[in-house]
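Work through the two exercises below with the structure in view. Each task is followed by a solution in steps.

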Amino acid sequence: MNPGTFEAIDERLVSTLDDLLDQPSLEPGIVVDALFNRLVTAVLSVPEPEAEAVLAALPPSRSPALFRSVASAGEHALERVWADRIALSPDPASAFARFPYRENYRLLVKMELEAVRRQGTVPRHVLLLGSGPLPLTALCLADQGIAVHCVDHDAEAIRLSSAAFGRLGAVGVTFEHAEASAATPPHPVDVVLLAGLVGSDDAAKAEVLGEAATSLVPGGLVLARSARGLRTLLYPQVGPHALAGLNVVAEANPEVDAPGTDVINSAILARPSSSN
């Protein structure tokens with residue numbers, strides 16, 4: 001990419017962010033959906049090796065942290081509205097079928113499960129930390145016969161997700177309202193999956209993972225969702241300090257492991273040091 005291309009992408013990113021900040025609400029609708037689609041398209045248009053130049057050219061008032069804050073708020077609003085829509089629908093399965101990002105989650109979970117299985121772990125029980133109002137990850141795992149314990153610190157998120165899953169007849173998914181660091185899964189788990197928005201910084205993520213790792217079976221894995229390149233405008237990158245006491249064994253990168261898709265998150269796989 002030449003410098004002019006970088007400038008055009010930055011202008012598109014900044015103008016899209018400004019348009020989102022001008023919206024009275026980030027709940028899904030024609031305008032908000034189009035703006036988030038435009039943001040994601042711009043993010044995915046830049047290969048990882050060229051992302052640093054784009055990030056460096058952003059104005060200081062439009063920092064990556066501000067982009068992530070807006071993206072997080074939009075994701076939460078999207079899931080909240082759709083969870084309520086599914087729970088209240090006379091035909092919840094049809095309502096769920098219209099959720100716009102089902103395929104993205106299916107491809108993300110597929111990438112993650114392949115990475116987990118390459119490490120010799122066969123996941124039967126998963127602890128999902130930061131499950132949110134509509135945990136598509138849990139549904140994708142449950143569809144493969146994997147039991148999932150969903151944990152979120154937001155009582156409303158747990159209420160909405162459990163109501164929606166009840167209407168959908170999801171099997172093998174349980175819910176707990178708790179801080180991620182205080183989760184109490186009903187069984188030892190093969191995988192602790194840390195959602196990308198859990199923990200405000202690496203120190204907070206390390207605290208959560210240090211506690212959650214005690215729920216792992218011997219040889220179990222921690223999977224921390226992260227981001228690389230320009231995708232860090234949508235989700236935070238997990239740094240080495242977040243993985244204190246863990247040995248990283250692999251990373252799944254969507255540009256390599258899910259090419260040609262709209263998967264955003266990468267995934268870092270690690271084991272407690274004591275298990276090696």
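The exercises use a predicted model and deal with a strand and its neighbours, then with one arginine.

**Exercise 1.** Find which strands pair with strand β4 and in what sense they run.

Solution.
1. Locate strand β4, which covers residues 189-194. Six of its six residues are buried, so the strand is mostly covered, given that buried means under 20% relative accessible area.
2. Look at strand β1, residues 125-129: four bridges join β1 to β4, and the two run parallel. Leu 128 has Leu 193 of β4 as its bridge partner.
3. Turn to strand β5, residues 216-226, which pairs with β4 over five bridges, also in the parallel sense. Here the bridge partner of Leu 194 is Ala 224 in β5.
4. Add helix α9, residues 202-212: together with β4 and β5, this helix makes a right-handed β-α-β unit.

The strands sought are therefore β1 and β5, both parallel to β4.

**Exercise 2.** Decide whether Arg 225 is buried or exposed, and list what surrounds Arg 225.

Solution.
1. Place the residue: Arg 225 lies in strand β5.
2. Compare its relative accessible area, 6%, with the cut-off of under 20%; Arg 225 is therefore buried.
3. Check the side chain for polar partners: a polar contact of 2.9 Å joins Arg 225 to the side chain of Thr 137.
4. Leave out residues up to four places away in sequence and list the contacts of Arg 225. They include Leu 193 and Leu 194, as well as Glu 112, Val 238 and Asn 265.

Conventions: Residues are numbered from 1 along each chain as its sequence is written. This is a predicted model: local features need pLDDT of at least 70, side-chain atom pairs count only at pLDDT 80 or more; totals for chains, interfaces and linings use all residues. Side-chain values use heavy atoms; hydrogens and water are left out. Buried means under 20% relative accessible area, exposed over 50%, partly exposed in between (1.4 Å probe, protein chains only). A crossover is right-handed if, with the strands pointing away from the viewer, the path from the first strand over the helix to the second runs clockwise. A polar contact is a pair of N or O atoms within 3.5 Å; within protein, one must be able to donate a hydrogen and the other to accept it, and residues adjacent in sequence count only if both atoms are side-chain atoms. Contact means heavy atoms within 4.5 Å.
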